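I opened the notebook to record what I looked up, entry by entry, while going through the coordinates. The entries keep to strands, empty spaces and charged pairs.

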Amino acid sequence: MRMVYTGADEEDFLDARGRLLIELDAWSQMRQRLVDPVVVGAMLDYRFERDGLLGRWTREVLRGALLTWFPRKVVLLHPDTKSVVDAVEALLDFFEDADLLDDRSEPLPLLRSYLAEIAGEFDAAMREPANFGLAKFWAVAMAEHGVDPLDELAAQRFVERVQRGELAVDKTLLHEIAYRHYEGDPGAEPVETTPVFVLAPDDRLAADAESTLVVRRLRRFVDWLGQGRTLAEVRNLPDLVGAAKKAGVVRVFRGMLVPVKRGAPLLADPLALWRAALSYLLDDPWAFEVADELVTEPGSIPMLVELLGGGSEAILRTVRRLIDFGLVEMFPAREEHYQDLLDFAGVDSVEEVPEEERQVVRLRPLGVRAMYDARVFNGGEALTLDDLAVETAEVLLCRLAPLPSEVFDEGARLWLRERERGQAIAELSELARRTDDFEHRMLAFELLAEGGDTGIAAIRDLRDHSAAGPAALAWLLDAGLIEPSEVTGRERTYSMVDVLAAGIRSAGRKRALEEFAAQPRPAQLLFLADATICGNPRTREVLECMVVAHPDRMVSNAARKALDWLQDPDR
């Protein structure tokens, strides 16, 4: 089962949480242990909101969940410290038994001991109203007055009665909780996913800096100053003067702007000069915000306007300043960007977007370095490919899979170089067996193949595995390492379900079904019949997609019947 959901869509996580709760319920019945699904679900929610590492547990994680997040957010109708602690301990035991506990988790006996140690603190924290979050404060107040917080109309009437003074709540406490809520509550709010910065080497950055407009202008400007110019002569060059002064290559002396002799070496070093001048640009909060918004992905002009405000002219003006410093590049939107343009511009056709706004902006290597340095300087979290090289295989694949192929290849190379071949093969093989994410499994095979004959042998060894076997067979077939005649019908169907499920998640229902729907109708109907008995846990997801999105009514109806059959407990 996939256990890393860093930066994943909430829908994907909720699906995984549901499967985990089903597995946990079966495990708890076999172990004869009572487990409160509300508590366990809340713990999984907490891990998703913090970093998405569902299987990584430490004392720090437990403390944050039970002593801050639970008191802020979780409403338990019958608070019972023992049942909560027992449920959390059962979750950890389940992860251990199912081999889902992350390698970087602290030892289970230590976690059990810590749970017992903080039980008293947890009880006190849950009972102290000052620890409540804003939503929980209102939910508890409504429950105390016999109002169902889930009844929107009744809840609204309750709030209105409080505002009119007809019902009493602790106004002082409410103001304190509201203030904390609106000021920001780091221990209870979802944590932004730490971006991965792909840092170029200094020689590449130096070459890029050499070609930036700001470096060329600064050099020409200092040459033009000669022995100095009056301030009146440079009055119309405020940005250039500001950048030169910030870089330390000019200064004001006796009413003149003169070169700084000690700045000569800086002028000869393009990367050093660029770095020295950069703070002038990033001291402008607007320029910093635009660049920071592009850290995770490129953005269209309408997107930047929607997220940052200020209007398209202000955004375009700021983007041009960022271009001058080499931080970003701007290019005409291509077909893959059109939907983004339509969504953020709020129009029905691309032609309605002004031509100058039909642009996409992305960071260049200098911009990536600038934003990484700024984040680190400000104490923020930032990851590099070197950081990922010491992470687990699943974290590596989760973080690199959405990035360009050349970035994935470089990150994979660093990861493989960081560990012995045998260790890498063992970790990748374990991930391929455990995960239910088709893309991650296939990427694990790609890295196993980097291990040569030993890695290929490890993939072959997975052929008989109930879940990983069909995918291993598909990979070996695509690589030309086995004959098509060796693939059974069940294996083909299982792999097709994997491919369709992965496509649905990455490209959406309509696009994922296009290639499948292009097959002859009899072949599609035969697949639906075989899919119900192939044993792939993603079958239901694929059938549900076909029911609502397949363009052929006959195939859609057949998918509905197959789904009914799959869900029938008496089949």
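The entries below follow the order in which I looked things up, and I keep in mind throughout that this is a predicted model.

**Entry 1: the sheet of β2, β3 and β4**

I began with the strands and asked in which order the 3 strands of this open sheet are arranged. The order I found is β2-β4-β3, and the pairing is antiparallel. Because β2 (229–230) and β3 (250–253) each have a single partner strand, they stand at the edges, and one side of each is left without a neighbour in the sheet.

I then went through the pairings one by one. β2 pairs with β4 (residues 256–259) over 2 bridges in the antiparallel sense; here R229 has L257 as its bridge partner, while T230 stands opposite M256. On the β3 side, I noted 4 bridges between β3 and β4, again antiparallel. V252 has L257 in β4 as its bridge partner, and V250 stands opposite P259. L257 therefore turns up in my notes twice, as the partner of R229 in β2 and as the partner of V252 in β3, which fits the place of β4 between β2 and β3 in the order.

I also looked at how β3 connects to β4: the two form a hairpin with 2 residues between them, and R254 in the turn has a positive phi of about 50°. Which helix lies across these strands? I wrote down α10 (residues 213–225), which lies across β2, β3 and β4 and runs at about 115° to β4.

**Entry 2: the sheet of β5, β6 and β7**

I next turned to an open sheet of 3 strands in the order β5-β7-β6, with antiparallel pairing. Its edge strands are β5 (299–300) and β6 (328–332), each of which pairs on one side only. For β6 and β7 (residues 359–363) I noted antiparallel pairing over 5 bridges, with R362 in β7 as the bridge partner of E329. Helix α16 (residues 311–324) packs on this sheet, where it touches β6 and β7, and its direction makes about 125° with that of β6.

**Entry 3: cavities**

I searched for enclosed space and found 2 cavities of 30 Å³ or more. I followed up the second largest, which has a volume of about 40 Å³. Which residues line the second largest cavity? My list reads R2, Y5, D12, D15, A16, R19, D437, R505 and R538. Helix α1 (residues 10–31) gives the most to this lining, with 4 residues. By class I recorded 7 charged, 2 nonpolar and no polar residues.

**Entry 4: the second largest pocket**

I then moved to open space and took up the second largest pocket, whose volume is about 1200 Å³. Its lining holds 45 residues, and D15, R19, D436, P537 and R538 lie nearest its centre. D15, R19 and R538 were already in my list for the second largest cavity, so I record that they also appear among the residues nearest the centre of this pocket. Helices α1, α22 (421–434), α26 (489–507) and α29 (539–549) each supply at least two residues of the lining, and the largest share, 11 residues, comes from α1. The classes I noted for the lining are 21 charged, 17 nonpolar and 7 polar residues.

**Entry 5: salt bridges**

Side chains of opposite charge can pair when their charged atoms come close. A search of the whole structure gave me 41 salt bridges. I singled out the pair of E391 and R104, in which the closest N and O atoms are 3.6 Å apart. Where in the chain do E391 and R104 sit? I placed E391 in the loop between α19 (385–388) and α20 (393–400), and R104 in the loop between α4 (81–97) and α5 (108–127). The pair links distant parts of the chain, 287 residues apart.

Note on methods:
Residues numbered from 1 in each chain as written. Predicted model: local features only at pLDDT ≥ 70, side-chain atom pairs only at ≥ 80, totals over all residues. Heavy atoms only, no water. Pairing = 2+ DSSP bridges. Contact = heavy atoms within 4.5 Å. Axes fitted to C-alpha atoms, helices over the stretch in contact; angles between N-to-C directions. 1 Å grid on protein atoms, 1.4 Å probe; cavity = no way out; pocket = protein on both sides within 12 Å on 5 of 7 lines; lining within 4 Å. Points joined across faces, edges and corners; volume = space filled by probe spheres on them. Nonpolar A, V, L, I, M, F, W, Y, C, P; charged D, E, K, R; others polar. Salt bridge = Lys/Arg side-chain N within 4 Å of Asp/Glu carboxyl O.
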